[in-house]
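Visitor: Please show me the structure, and explain the terms as we go.

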Amino acid sequence: MNFLELATELIDLRSFSNLWYWIALAALWSTASHWVIGVPFDVVTRARRGHERSAHDMRVLAEVNVSRILTIIEISGPWIAGFTAFLLTGLGVLGWGYDVEFAQAVFLLVFPMTLVALLTVHTARGLRATGFDNLGRRLRNHRMMVQGIGVISIFITAFWGMWTNLNYGALGL
């Protein structure tokens, strides 16, 4: 195997038969469920067990990130919504209308993360409205919902990836 064949194999745009795509999918969902509104979940766990310093850190991190998230939404919300709709529509049309596998793969990464972003904004608004009452419980519930979206997303992505590989032949065969 020469260098060009090796490079083509590593940078293959046939995503569902590429190991790097599945590693990226796992890393994406691992990161999304660990950082709950900008607060590492291990801090949330220690705070819920009664560790005072972690409880303080959790509260401070949550307040800073809720303020940051809601400020971005208040200033740029309509622009972000428009761009996201444009991006998802373009990926959907390219992916399923024109049968571009790379666009399908990116759509299956971006769409669920859009749902996570909407959930994050909803949770941030709820935290601000209640004055951060029951913060640990709310962050845990948020994480559970993110993990639920992740499980469904990974299942759909794996199913579609297997379907694509079986129909078009894995490794371009």
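The conversation below concerns the pockets and their linings.

Guide: This is a predicted model, in which local features need pLDDT of at least 70, side-chain atom pairs count only at pLDDT 80 or more, and totals for chains, interfaces and linings use all residues. Residues are numbered from 1 along each chain as its sequence is written, and side-chain values use heavy atoms, without hydrogens and water.

Visitor: What makes a site a pocket and not a cavity?

Guide: On a 1 Å grid over the protein atoms alone, a cavity is a set of points where a 1.4 Å probe fits but cannot get out, whereas a pocket is an open set with protein on both sides within 12 Å along at least five of seven lines.

Visitor: What is the volume of the largest pocket?

Guide: It is about 430 Å³, a volume being the space filled by probe spheres set on the points, which are joined across faces, edges and corners. The second largest pocket has about 220 Å³.

Visitor: Why is Ile73 called a lining residue of the largest pocket?

Guide: Lining residues have an atom within 4 Å of a point. The largest pocket has 18 of them, and Ile73, Ile80, Ala117, Leu118 and Val121 lie nearest its centre.

Visitor: Which helix gives the most to that lining?

Guide: Helix 4 does, with 10 residues; helices are DSSP runs (H or I, at least four residues) numbered from the N terminus. Helix 4 spans 52–97.

Visitor: How many charged residues line the second largest pocket?

Guide: None; its lining has 8 nonpolar and 4 polar residues. Asp, Glu, Lys and Arg count as charged, Ala, Val, Leu, Ile, Met, Phe, Trp, Tyr, Cys and Pro as nonpolar, and the others, Gly among them, as polar.

Definitions and conventions
Helices (H or I, at least four residues) and strands (E, at least two) are DSSP runs, numbered from the N terminus.
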